[in-house]
Amino acid sequence: MIPVSRELLGGDADVVAPLLLNKLLVHGSCTGRIVETEAYRPDDPASHSYRGQTARNAAMFGSPGTLYVYFTYGMHYCANVVTGPPGEGAAVLLRALVPVTGQDLMRTRRGGRPALADGPAKLCQALAIGPEHNASDLLGGGPIHLLDDGSAPPAQPLVGPRIGISKSVDAPWRFRVPR
DNA sequence: GGAACGATCTGC
DNA sequence: CAGATCGTTCCC
């Protein structure tokens with residue numbers, strides 16, 4: 001059980017996104033295995049970084065391994081892992097986790113609903129990831145950790161178009177662990 | 001200063 | 001399938 005290497009996260013977002021599959025996201029007693037990711041490159045019109053750095057997306061321009069949390073639809077938070085060299089503005093959206101530890105707490109945080117972390121906003125709610133965690137380091141002494149337990153990413157991840165965006169909808173930058 | 005629009009989720 | 005709900009961005 002070791003932190004994901006910063007080197008691994010230094011590549012292009014669409015290369016790193018499938019490599020994050022099967023890694024673990026840990027916050028306190030709650031752990032989830034990452035089973036769906038989505039790449040956002042800086043040259044992508046659908047990326048928050050496309051129009052340059054702003055107060056909202058500043059964390060995206062940090063070092064690889066930085067957590068970028070954003071608020072959307074007036075009620076939801078979503079979590080990204082910053083990738084690429086510092087200042088580039090690339091990230092991988094975490095879209096789904098399979099709960100590994102802390103299911104009871106996750107269920108409580110999810111209001112008793114059965115779906116715990118199978119969506120980008122749901123996983124933030126389940127792991128209690130919020131704006132206070134924006135720009136924290138996932139590979140260091142921060143509250144949230146990105147860990148490698150030795151499980152390899154899938155040899156043949158399912159690849160498809162991204163979801164919930166209106167630009168670059170055809171780019172095959174969504175990755176999933178096959179079941 | 002104002003309006004439009006979301007990297008979503010839920011309940012009907 | 002539409003409503004919730006508000007920060008960010010962009011345009012005037």
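This passage walks through the fold of chain A, its surroundings at DNA strands B and C, and a handful of individual residues. The model is a predicted one.

Starting with the overall fold, chain A is built from 3 helices and 9 strands. Their order along the sequence is β-α-β-β-β-β-β-α-α-β-β-β. The radius of gyration comes out at 15 Å, close to the 16 Å given by the globule rule for 179 residues, so chain A is as compact as a globular protein of that length. Laid out on its principal axes, the C-alpha trace spans about 40 × 40 × 35 Å. Of the 179 residues in chain A, 47% are buried. Contacts also reach across the sequence: among those in chain A with a separation of 6 or more, 59% join residues 24 or more positions apart. As for the outside, chain A exposes about 8,200 Å², and 55% of that area is supplied by carbon and sulfur atoms.

Turning to the DNA, strand B is surrounded by 22 residues, and the closest of them are Tyr70, Asn80, Arg110, Ala121 and Gly164. On the DNA side, sugar and phosphate make up 58% of the atoms of strand B that come within 4 Å of the protein. Sorted by class, the protein surface near DNA strand B has 11 nonpolar, 7 polar and 4 charged residues. Three elements each put at least two residues into this surface, namely strand 5 (76-83), strand 6 (90-101) and helix 3 (120-126). Helix 3 starts at residue 120, and a polar backbone atom of Pro120 sits 3.2 Å from a phosphate oxygen of DNA strand B. Ala121 does something along these lines too, with a polar backbone atom 2.9 Å from a phosphate oxygen of DNA strand B. With Arg95, it is a polar side-chain atom that lies 3.5 Å from a phosphate oxygen of DNA strand B.

DNA strand C has its own set of neighbours: Arg51, Thr54, Arg56, Phe71, Tyr73, Gly74 and Met75. Here sugar and phosphate account for 68% of the strand C atoms that come within 4 Å of the protein. The class count for the surface near DNA strand C is 3 nonpolar, 2 polar and 2 charged residues. Two side chains reach phosphate oxygens of this strand. For Thr54, an N or O atom of the side chain is 2.6 Å from a phosphate oxygen of DNA strand C, while for Arg51 a polar side-chain atom lies 3.2 Å from one. Tyr73 approaches a base instead, with a backbone N or O atom 2.5 Å from a base oxygen of DNA strand C.

Tyr73 deserves a second look for its backbone. This residue sits in the loop between strand 4 and strand 5, and its phi is positive, about 55°, although it is not a glycine. With protein chains alone counted as cover, Tyr73 has a relative accessibility of 66% and so counts as exposed.

Asn22 is another non-glycine residue with a positive phi, in this case about 75°. Its place is in the loop between helix 1 (13-19) and strand 2 (24-27). The relative accessible area of Asn22 is 13%, and it is therefore buried.

Asp44 is also a loop residue, found between strand 3 (30-40) and strand 4 (67-72). A relative accessible area of 1% puts Asp44 in the buried class, because that class covers values under 20%. The Asp44 side chain reaches the backbone nitrogen of Ala46 at 2.8 Å. Beyond its neighbours within four places in sequence, Asp44 contacts Ala39, Tyr50, Arg162, Ser168 and Trp173.

Finally, Pro3 belongs to strand 1 (residues 2-3). Pro3 is partly exposed, at a relative accessible area of 45%. Leaving out residues up to four places away in sequence, Pro3 touches Leu139, Leu146 and Leu147. Thr37, by contrast, is 34 residues from Pro3 in sequence and 18 Å from it in space, C-alpha to C-alpha.

Conventions: Residues are numbered from 1 along each chain as its sequence is written. Chains are lettered from A and ligands numbered from 1 in the order in which they are written. This is a predicted model: local features need pLDDT of at least 70, side-chain atom pairs count only at pLDDT 80 or more; totals for chains, interfaces and linings use all residues. Side-chain values use heavy atoms; hydrogens and water are left out. A residue is near a molecule or strand if one of its heavy atoms lies within 4 Å of it. A polar contact is a pair of N or O atoms within 3.5 Å; within protein, one must be able to donate a hydrogen and the other to accept it, and residues adjacent in sequence count only if both atoms are side-chain atoms. Ala, Val, Leu, Ile, Met, Phe, Trp, Tyr, Cys and Pro count as nonpolar, Asp, Glu, Lys and Arg as charged, and the others, Gly among them, as polar. Helices (H or I, at least four residues) and strands (E, at least two) are DSSP runs, numbered from the N terminus. The radius of gyration is taken over C-alpha atoms; the globule rule is 2.2 Å times the number of residues to the power 0.38. Buried means under 20% relative accessible area, exposed over 50%, partly exposed in between (1.4 Å probe, protein chains only). Contact means heavy atoms within 4.5 Å. Accessible areas come from the Shrake-Rupley method with a 1.4 Å probe; for residues, only the protein chains shown count as cover.
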